[in-house]
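Here is a short tour of a protein fold, written for someone who has the sequence and coordinates open. We will go from the sheet to what packs on it, and then to some backbone details.

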Amino acid sequence: MSTLPSPTALAPMSVKSESFDSISDQSAHSHEASPEASASSIITPDVAPPTPQHTAPSVPNVPSIPSVPVVPTFTPTIIRRKLTSFVGFSNLPQQWHQKSIQQGFDFNLLVVGESGLGKSTLLNTMFEVPVHNLDTPHTYDSESIQIQTTNIELEESGVKLRLNVIDTPGFGDNINNLDSWKVIMEEIDQRFDQYFEAEENLSVGLSGTAKDPRVHACLFFIEPSGHTMKPLDVVTMKKLHKKVNLVPVIAKSDTLTEEELAQFKHAVLSELEAQEIDFFTPPTYLNDDEETKGEVSELISNIPFAVVGSTSLVVNKEGNAVLGREYPWGVIEVHNSEHNDFLKLRSLLISGHLEDLRDNTKKLYERYRSEKLLKLDVKQDDSVFSIPDPAVRQEEERRNHEERLAKMESEMRAVFQKKVTEKEAKLKSSEGELYSKHREIKEQLDRQRQELEQRKLQLQQQIQMEQERRARKNVVR
Ligand SMILES: Nc1nc2c(ncn2[C@@H]2O[C@H](COP(=O)(O)OP(=O)(O)O)[C@@H](O)[C@H]2O)c(=O)[nH]1
Ligand SMILES: [Mg+2]
């Protein structure tokens, strides 16, 4: 019976030995093999089979030669094998699915287009909530284009979508619109920068909980002129297309006849190609079935989508109340793919390819980041890498030496000056002391002299009195 190797004996999952095939094959063929053992994912290190130990006859006093340890050799090889048993990692998409549902999705949608093209109406129609208040005027008095963001949290069958609509009121409404694109670009860059900083602070990726501020798609509304695109639209798209997933749409497509629309679509597409403006196209995957592939190519072939928006119910020819627009000649239904491309747009933005948009945003961001880092590098000080000229270096050393000498000299001068000042102060104070001592002694001497003179005077008076007394005595005798 074949046994499973102990867990410690297992090599990493992607690494297997040459000898594994034979072992696992044996296990698979053995009728006693456990299901786990039969799974061809079991990996054993390529350990050379133990060499038979020949027991040499013991010779007394002859030191035994230490045996060389057998080191297992690993030959890294990547194997691709379909497992026949259950290991568990096929649940990963399920786990990812659960996690995603719990965390919800961020979707940042930039909306660009002149006022009155039906941007707010289309958003309200698409998300089925009043993303924008349609009562507010769709013309703006402001001199310049503004950025207005609206955050809405939507929930559908337990899945949360944090929708952040970035509107650009004022775009194309001014006399000089040449710089309109700059404000939009700044907004996109700023959001990339925010993500860049968050990434630097490791708050993105590791925790996976940080909100993603990057613009995931730019819905660009083209006026249904029936001729060509406006130069401002072309200039703006040319600036934006490398930074966002551009989704061009022909606004209010119900205002054009079928032929006009077909011609206009063609004209817009040719202009985009001529100007080398990239727009977002959903990808297909290896395991996509033919139907999915067909749907994707159908979507791509209809870009730029001709859309109609309406939040009002009208009655169609079958007598059903539907979202649409009513005309004397009939009804245009929003959710009817034969009438307009609204459903295709919704599939591209939300129901079918939201994750593709988010994925492609990562690629656009990667490019932005590498360009940003490259710019930072260019600004670096190139002199750091230059080889110095010996003469220049000698001159620099001489100058440094002289500077050091001058510094030393000035320090010595300062020390000397300090010492002189201290000495002078000391002398001055001792001179003062001497002077006061001298005055004290002089005063003392003056006092003593006065006393002595008084005494002398007294003595002289006494002598005189004595002499007078003696003279009077002699006279009496
Ligand atoms: N014919 C037609 N009119 C529309 C459509 N979408 C919006 N409108 C009308 O166009 C006007 C401006 O719409 P609004 O959504 O405020 O435009 P915004 O300024 O681009 O946000 C409103 O009167 C809407 O009813 C559309 O698909 N077709
Ligand atoms: Mg609006």
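Helices and strands here are DSSP runs, at least four residues for a helix and at least two for a strand, numbered from the N terminus. With that in hand, Ser157 can be placed in the loop between strand E2 (148–156) and strand E3 (159–167). Please keep in mind that this is a predicted model.

**The sheet**

Let us begin with the strands. They form an open sheet of six, in the order E2-E3-E1-E4-E5-E6, and the pairing is mixed. E2 and E6 stand at the edges with a single partner strand each, so one side of each has no neighbour in the sheet. Strand E1 (residues 105–112) pairs with E3 in the parallel sense, over seven bridges. Within this pair, Asp106 stands opposite Arg162 in E3.

Two helices are worth a look next. Helix H4 (residues 119–127) packs on the sheet and touches E1, E2, E3 and strand E4 (217–222), its direction making about 180° with that of E3. Helix H9 (residues 342–351) also packs on the sheet, where its contacts are with E4, E5 and E6, and its direction makes about 165° with that of E5.

**Helix H4 and its cover**

How many of the nine residues of H4 are buried? Seven of them are, which leaves the helix mostly covered. The buried residues are Lys119, Ser120, Thr121, Leu122, Leu123, Thr125 and Met126. Their cover includes E1, E3, E4, strand E8 (321–327) and H9. Just after H4, Glu128 takes a positive phi of about 60°.

**The nonpolar core**

In soluble globular proteins, nonpolar side chains tend to be buried together. The largest nonpolar core in this model has 54 residues, and those with the most contacts inside it are Cys218, Phe220, Val247, Val249 and Val307. E4 gives the most to this core, with six residues. If you centre your view on Phe220, you will find it in contact with Val112, Gly113, Met237, Leu246, Val247, Pro248 and Val249, leaving aside neighbours within four places in sequence.

Leu364 is another good place to pause. This residue is found in helix H10 (residues 354–378), and it counts as buried because it has 20 C-beta neighbours inside 10 Å. Leu364 touches Lys243 and Val244, not counting residues up to four places away in sequence. Leu364 and Phe192 lie 172 residues apart in sequence, while their C-alpha atoms are 9.7 Å apart in space.

**Backbone details**

Most residues other than glycine have a negative phi, and most peptide bonds are trans. The table lists two residues that have a positive phi.

| Residue | Phi | Loop |
|---|---|---|
| Ser157 | near 45° | between strand E2 (148–156) and strand E3 (159–167) |
| Lys252 | near 45° | between strand E5 (246–250) and helix H7 (258–274) |

Are these two residues buried or exposed? Ser157 counts as exposed because it has 5 C-beta neighbours inside 10 Å. Lys252 counts as buried, because it has 20 such neighbours inside 10 Å.

Which residues does a cis peptide bond join? They are Ile303 and Pro304, with omega about 0°. Pro304 lies in the loop between helix H8 (290–301) and strand E6 (305–306), and E6 is one of the strands standing at the edges of the sheet.

Note on methods
Residues numbered from 1 in each chain as written. Chains lettered and ligands numbered in written order. Predicted model: local features only at pLDDT ≥ 70, side-chain atom pairs only at ≥ 80, totals over all residues. Buried ≥ 20, exposed ≤ 12 C-beta atoms within 10 Å, placed from the backbone. Contact = placed C-beta atoms within 7 Å. Pairing = 2+ DSSP bridges. Axes fitted to C-alpha atoms, helices over the stretch in contact; angles between N-to-C directions. Core = buried A, V, L, I, M, F, W, Y, C linked by C-beta atoms within 7 Å.
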